Amino acid sequence: MSEPPYNPYPSYNEQNVRLHKAFEAVVSANERAVNAMQKGLAGDYARLLRQLKSVVSAAHENYSISGKLSWAELQRYERIKKLEEQVDKAIKDNYSNIRKRVISDQKKVIEQTYDGSVQAVISAAELGIKPPGLTGARIQEILNKPWSGVSLAERMYLRQTYLGIQLKGSIRRGTLGEGETFSESMKNIKDYVTKDYAGTKRVAEDSAHQYQSDTTAEALKGLSEKEIELTKTWVTAGDDRVRPSHVDMDGQTVLASEQFEFVSGDNKGVKTEAPGISASDEDWGCRCWVVAGIRKKGEE
Ligand SMILES: [Zn+2]
């Protein structure tokens with residue numbers, strides 16, 4: 001392992017403990033922000049389901065024969081077209097909140113990660129400088145960054161479109177032949193909406209982790225002083241869910257301006273600024289995080 005962090009005032013150990021605690025606090029604060037996002041999503045999806053239920057229920061009331069809605073009836077007078085437009089509208093109405101939750105609410109993760117990281121280093125090393133801040137424009141840039149070639153906004157738009165295709169397809173398939181009852185229609189729709197909700201929760205969580213990683217790396221890069229240099233150390237969640245290639249990364253320390261490098265597994269040799277943003281299959285579900293370290297320039 002590398003040299004203990006350098007600082008003329010607090011002891012190395014003390015400084016290390018302070019930094020570890022401060023970065024842990026950033027991770028916990030972000031977990032709370034993600035929980036709040038996910039709670040909000042539960043309400044958004046409940047509203048979406050209610051709106052879909054009223055759309056489908058009206059179609060059943062108006063066009064069912066002996067309790068079943070059939071394709072033959074739906075095809076008449078452009079009923080299917082109207083029904084599909086209402087399904088699309090229900091998704092659109094509610095996805096604006098879902099998108100806001102998953103994208104705009106990540107600003108909080110970015111801000112508290114940046115401020116928390118910078119504050120932690122300044123106070124642990126007693127640097128006595130005014131903490132730099134992130135501009136709104138810079139936050140927007142971080143939010144719009146594409147991961148694996150797709151930005152979060154694009155990813156959410158794809159999810160919205162795909163859910164529409166699934167729900168409309170479900171109604172078409174269900175009403176073919178004998179047709180389906182209202183409860184059969186709703187069961188299928190509920191299944192697709194529930195799956196989409198689970199997927200979106202996952203996207204909110206993974207994106208928050210990527211923003212946390214990216215912003216920590218950026219905050220550390222931005223901080224520099226004449227006498228000292230900043231390092232970053234890869235830290236795993238420390239439980240048995242951590243993949244072996246990340247267990248091997250635990251404790252890897254590089255300069256804040258440099259990249260980590262995977263030392264084992266399929267992606268051995270791949271470099272990354274921080275955990276979760278390597279654009280390889282190391283990112284999915286990763287919960288690792290970064291702790292800053294401070295040392296005298298030139299030491300390793
Ligand atoms: Zn990991």
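Helices here are DSSP runs of H or I at least four residues long, numbered from the N terminus. With that in hand, Val-17 can be placed: it sits in helix H1. Keep in mind as we go that this is a predicted model.

How sure is the predictor? The mean pLDDT of the chain is 90, and 93% of the residues score at least 70. Confidence bottoms out in S5, where the mean is 85, and peaks at 97 in strand S3 (residues 260–261). As a general caution, coordinates predicted with low pLDDT should not be read in detail.

Now for the overall layout. The chain has eight helices and five strands, and along the sequence they come in the pattern α-α-α-α-α-α-α-β-α-β-β-β-β. The chain is more spread out than a compact globule, because its radius of gyration is 25 Å, well over the 19 Å that the globule rule gives for 300 residues. Along the principal axes, the C-alpha atoms fill a box of roughly 85 × 40 × 30 Å. As for burial, 35% of the 300 residues count as buried. Take the contacts between residues at least 6 apart in sequence, and 73% of them join residues at least 24 apart.

Let's go inside. The largest nonpolar core holds 65 residues, and the ones with the most contacts within it are Phe-23, Val-121, Val-290 and Ala-292. Several elements chip in with at least two residues each: helices H1 (12–63), H3 (79–102), H4 (106–124), H6 (152–175) and H7 (182–222), plus strands S1 (228–235) and S5 (289–296). H1 gives the largest share, 15 residues.

Val-290 is a handy place to stand and look around. Setting aside its neighbours within four places in sequence, its contacts include Phe-23, along with Ser-213, Thr-216 and Ala-217. Val-290 also touches Lys-232, Thr-233, Trp-234 and Val-235, and then Ala-274 and Pro-275.

Four of those contacts lead us to S1, which is mostly covered: eight of its eight residues are buried. Which residues lie on each side of S1? Ile-228, Leu-230, Lys-232 and Trp-234 are on one side, Glu-229, Thr-231, Thr-233 and Val-235 are on the other, and all of them are buried. S1 also has a partner, strand S2 (residues 253–255), with which it pairs in the antiparallel sense over three bridges. Within that pairing, Thr-231 is bridged to Leu-255 of S2.

Back among the helices, H4 is worth a quick check with a ruler. At 1.5 Å a residue its 19 residues should span 27 Å, and its end C-alpha atoms are indeed 27 Å apart. Its buried residues include Gln-106, Val-109, Ile-110, Thr-113, Tyr-114, Ser-117, Val-118, Val-121 and Ala-124. A general point helps when reading such a list: an α-helix has 3.6 residues a turn, so residues three or four places apart point the same way. Just after H4, Glu-126 takes a positive phi of about 50 degrees.

The end of H4 also brings us back to Val-17. Although Val-17 and Ala-124 are 107 residues apart in sequence, their C-alpha atoms are 9.1 Å apart in space. Is Val-17 buried or exposed? Neither label fits: with 13 C-beta neighbours inside 10 Å, Val-17 counts as partly exposed. Asn-16, also in H1, is partly exposed too, with 19 other C-beta atoms within 10 Å; the cut-off for buried is 20 or more. Asn-16 makes its own link across the chain, as its C-alpha atom is 8.6 Å from that of Ile-294, 278 residues away in sequence.

Finally, a few stops in the loops. Tyr-77, in the loop between helix H2 (71–74) and H3, has a positive phi near 50 degrees despite being a residue other than glycine. Tyr-77 is exposed, with 10 other C-beta atoms within 10 Å. Ala-279 lies in the loop between strand S4 (271–272) and S5, and its phi is also positive, at about 60 degrees. With 12 C-beta neighbours inside 10 Å, Ala-279 counts as exposed. Arg-243 belongs to the loop between S1 and helix H8 (244–247), and its 16 C-beta neighbours inside 10 Å make it partly exposed. From Arg-243 to Gly-43, 200 residues apart along the chain, the C-alpha separation is 33 Å.

Conventions: Residues are numbered from 1 along each chain as its sequence is written. This is a predicted model: local features need pLDDT of at least 70, side-chain atom pairs count only at pLDDT 80 or more; totals for chains, interfaces and linings use all residues. A nonpolar core is a set of buried Ala, Val, Leu, Ile, Met, Phe, Trp, Tyr and Cys residues joined through C-beta atoms within 7 Å. Two residues are in contact if their C-beta atoms, placed from the backbone, lie within 7 Å. Two strands pair if DSSP finds at least two bridges between them. The radius of gyration is taken over C-alpha atoms; the globule rule is 2.2 Å times the number of residues to the power 0.38. pLDDT is the predictor's confidence in each residue, from 0 to 100. The expected span of a helix is 1.5 Å times one less than its number of residues.
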